[in-house]
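Me: I would like to talk through how a few structural labels are earned. Could you take my questions one at a time?

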Amino acid sequence: MIKIEHISKQFPNIKALDDVSVHIHPNEIICLIGPSGSGKSTLCRCINGLEIIDEGTITVNGEVIDCNNEKQMCAIRTKMGFVFQHFNLFPHLTVLENMILGPVEVQHRNKDEVKQEALALLERIGLKEKANEYVNKLSGGQKQRVAIVRALCMKPEIMLFDEPTSALDPEMVKEVLDVMRELAKENMTMVVVTHEMNFAKEVATRIIFMDEGKIVEENNPKDFFENPTQQRTKEFLAKVL
Amino acid sequence: MESILKIFTLENILFLFEGVKISLLIAICSLLLGTIIGTLLASFRISKNVVLRIIGRVYVDLIRGTPMLLQLSFLYLGFPMVYQLITGEYLGMDALSVGIIGIGMNSGAYVCELIRGAINSIDKGQWEAGKSLGLTQNQILMKIILPQSFKRIIPPLANEFIVLIKDSSLVSTIGVYDLMQSSKILGGKYYNYFLPMIAVAMVYLVLTLVISHFTMKLEKRLAESD
């Protein structure tokens, strides 16, 4: 579905990605873990072109993405939902307006139809009564849940999560992870950058451990957490578990 | 006391009032023109097109780097000459129009920068969120960034209006009968510049203070809705 091949990304003072290759298959749930600055967020952002890669190629459904081709990027992005660490909801719009903006403006779908779908999604995450509130009235956990359903409203084929719970109060982490668990149960293809090891262990089909811009180790969660092969992985796990 | 009564007759007060009308007309029209030019320039300056960006940059630097008095004089005296040289036709422009166009063009550069500042002050996550939904650059600007910038543009724009009321006095140098010019005329008529100028200064002060007062109120209300 998505082929990431030999990509590199250089930031002014750090090589964020160094010859990284990952193939993402349908219905996979990949958790990217690793220390801060290991390049996992950058990798996630490169997949939908929020960061422009210096080298290598990213192929989505057989199409090589070209960040300078706005039309192609827009089309590809409609197939990918992206959830940010800091939610990035639109503060001048209500919850419902946030959700229908993409489907109406980009996919040119019928507004009433989209509204119905959006309300159904809000009902599922228990926020239907907030539909007409401005987003600044919501708590962090509520904001992130809205951000997730905003992305889902586009009916994406894959969901990318960039540290979705890192900016939340500890009490609100669970409500967001629960929504993600639901998605996982529905076989949504997901790439999740996270520090929540238990979540990764529980829902991931594959764990990728990164350090200093490189993939150090990747495996299924059971083997990854029980029998890590690399020294760096062992060190990391010893500290976080 | 005697001279006050002599100078500030009903007739002369009405004459000053005409000046106020002209000054306000210039300030309002040039603010409108400046906002149009400024919006256009701001869109140039944040455009992906290098040529447009350079045009925007040069315009802003040129206008902000030279005196407005020079720009006005050039537009009134220099420009018609160039026009005649190129087209061979005489360009008849009345001083008032020149004043509005000149001050409007000048204001455009400043408005451009304040719009650009407001746009840049919007969190870059808003752009990214728009992109992630598949919106184009223009859609993001129109649907997400500008509606949020708007609130941040209004207070400095009101401030720009105050600046324009004061700067409109420069048109007196090209012979427009604005408030400033009226004071000079009255002063000349009665060989007393002191009183008319004090009076006119007070009018300018009242105008700017009133607008400034409303701007502050507006700013407070906008801040509350955040």
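Reply: Happy to; what follows is a short exchange on a sheet and on some enclosed spaces, and the model is a predicted one.

Me: What makes S6(A) and S7(A) a pair?

Reply: Two strands pair if there are at least two bridges between them. S6(A) and S7(A), the latter covering residues 158–162, have 4 bridges in the parallel sense, so they meet the rule of at least two. As one example of how they line up, Met80(A) stands opposite Ile158(A) of S7(A).

Me: Which strands are called edge strands, and why?

Reply: They are S6 (80–83) and S10 (214–219) of chain A, and each pairs on one side only. You can see this in the order of the open sheet, S6-S7-S8-S3-S9-S10 in chain A, where 6 strands take part with mixed pairing. From one strand to the next, the twist averages 15°.

Me: How do you know which way helix H5(A) runs relative to S6(A)?

Reply: The angle is taken between N-to-C directions and runs from 0 to 180 degrees. Helix H5(A), residues 140–152, lies across S6 and S7 of chain A at about 170° to S6(A), so on that scale the two directions are close to opposite. Helix H6(A), residues 170–185, also packs on the sheet: this helix touches S3 (29–33), S7 and S8 (189–193) of chain A, and its direction makes about 145° with that of S8(A).

Me: Why is the space of about 60 Å³ called a cavity?

Reply: A cavity is a set of points where a 1.4 Å probe fits but cannot get out. The count is 2 cavities of 30 Å³ or more, and the largest holds about 60 Å³. Of the 13 residues lining that cavity, the closest to its centre are Gly81(A), Phe82(A), Ala151(A), Ser132(B) and Leu133(B). H2 (70–78), S6 and H5 of chain A, along with H6 (124–132) of chain B, each give at least two residues to the lining.

Me: What is the make-up of the largest cavity's lining by class?

Reply: There are 8 nonpolar, 3 polar and 2 charged residues. Gly81(A) is among the lining residues, and Gly counts as polar under this scheme.

Me: And what makes the lining of the second largest cavity nonpolar?

Reply: That cavity has about 40 Å³ of space, and its lining is Ile4(A), Val22(A), Ile24(A), Ile30(A), Leu32(A), Leu43(A), Ile47(A), Val191(A) and Ile208(A). Ile, Val and Leu count as nonpolar, so the tally is 9 nonpolar, no polar and no charged residues. S2 (14–24), S3 and H1 (40–47) of chain A each supply at least two of the lining residues.

Key. Residues are numbered from 1 along each chain as its sequence is written. Chains are lettered from A and ligands numbered from 1 in the order in which they are written. This is a predicted model: local features need pLDDT of at least 70, side-chain atom pairs count only at pLDDT 80 or more; totals for chains, interfaces and linings use all residues. Side-chain values use heavy atoms; hydrogens and water are left out. Contact means heavy atoms within 4.5 Å. On a 1 Å grid over the protein atoms alone, a cavity is a set of points where a 1.4 Å probe fits but cannot get out, and a pocket is an open set with protein on both sides within 12 Å along at least five of seven lines; lining residues have an atom within 4 Å of a point. Grid points are joined across faces, edges and corners, and a volume is the space filled by probe spheres set on the points.
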